[in-house]
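Trainee: I should like to take a close look at a single part of this structure, namely its salt bridges. Please guide me through them in one connected account.

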Amino acid sequence: MTPLTGIPSPPLDWASFEIGPLTVHLYALFIVAGMVLAVLWTDRRLTARGGEKWITVDFAIWAVLLGLLGARLYHVFTHPADYFFEGANFWRIFFIWEGGNAIIGSLIGGAIGIFIASRMTGIRMLAFSDALIPGLLLAQAVGRLGNYFNHELYGWPTDLPWGLQIEASNPAFPVGLPEGTLFHPTFLYEMLWNLAGIAIIVLLERMFRWRTGKTLASYLIWYGTGRIWIESIRVDYSEVILGMRSNVFGALCLVIVGIALFVVVSRLPASQLSDSVYLPGRDPESEAAKAAEADELDEEETGEIDEDETDTDETSAQSEVHDEETSEAKPNSADGEETPDERKDASDSSRV
């Protein structure tokens, strides 16, 4: 019998609904909603720092596509037993609607996407990442609601009043536990951890006027630390790396990278720091100046071509005048003047 205490899970039928021939999953809707919120907030922060309006969309395209790919691949390769066995359907690797998208993998793929977009747009990668962090944490918090509706990613059994109710028929329900057992709502823990991270990081950013990667570094440390203890109490299977669950190992790597990044950017000399979000020579003013300079060069080249054509025309005209004068200066028998041959013939006739 399911106890009356604890957090009830929503009916599993709510996890998806149909619109005509399409099946819409709430898990996907929460992810999309989080992405939209992240884009809006990031664009506002980036614009306030001098970035071009809506240039965030260029980053979102690359970061979302590669982030989704990275999230899925990371999950698949850290849960190989679920996808690689005799008789397995290979295409299930790409069935993201079944769940199984690792955030750590999405961070890796998203970072690659941000790097590509940075080269294309001229926005500094660290500057964009700093602007992204609060929106990213918000998107991750919203996305965790999908786990709640999917009845997944819960933790150890607990008798705490906020324990999560999970049906005994759930495939991840631990064998041997009685029906009605409550579990740690790890999705809720991560949501609260992310929301707290937003408040703390934004406050520190404003107090110390962080720029050039420190906001990103603080996110890696904060988020990685939270994921270490949250992942440690989950009941679902995960591969073990160096004696740690794969996601715990990944979270630890985030913390280490965050600490290293914070130390490095803190030691950068002032000459290497810039308040501009653009790479050198890639800001709109520089781009406009380059365009104007290119237009001037085109005009100069066009002017030189026109001068060459004018000189050619003048030379041609002078040549024509010279030919006409030369033609008029030559004796012409047709005009009634005797040529030397005609005078010679006349002299010979007079002798005869």
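Trainee: With which residue does Arg234 form a salt bridge, and how far apart are the closest N and O atoms?

Mentor: The model is a predicted one, and the distances below are to be read in that light. Arg234 forms its salt bridge with Glu231, and the closest N and O atoms are 2.8 Å apart. Both Arg234 and Glu231 are buried. The pair belongs to a network of salt bridges that links Arg144, Glu190, Arg227, Glu231, Arg234, Asp236 and Arg245.

Within that network, Arg144 and Glu190 also deserve attention. These two residues form a salt bridge in which the closest N and O atoms are 3.1 Å apart. Arg144 lies in helix α4 (residues 125-149) and Glu190 in helix α5, so this salt bridge ties together parts that are 46 residues apart in sequence. Arg144 is buried at 8% relative accessibility, and Glu190 is likewise buried at 3%.

Helix α5 (residues 186-208) also contains Glu205, whose partner Arg45 lies in helix α1 (residues 26-48); the pair therefore ties together parts that are 160 residues apart in sequence. The side chains of Glu205 and Arg45 meet in a salt bridge with an N to O distance of 2.8 Å. Glu205 has a relative accessible area of 5% and is buried, and Arg45, with 12%, is buried as well.

For the structure as a whole, the search finds nine salt bridges, among them Arg234 with Glu231, Arg144 with Glu190 and Glu205 with Arg45.

Terms used
Residues numbered from 1 in each chain as written. Predicted model: local features only at pLDDT ≥ 70, side-chain atom pairs only at ≥ 80, totals over all residues. Heavy atoms only, no water. Salt bridge = Lys/Arg side-chain N within 4 Å of Asp/Glu carboxyl O. Helix = DSSP H or I, 4+ residues; strand = E, 2+ residues; numbered from the N terminus. Buried < 20%, exposed > 50% of the residue type's maximum accessible area, 1.4 Å probe, protein only.
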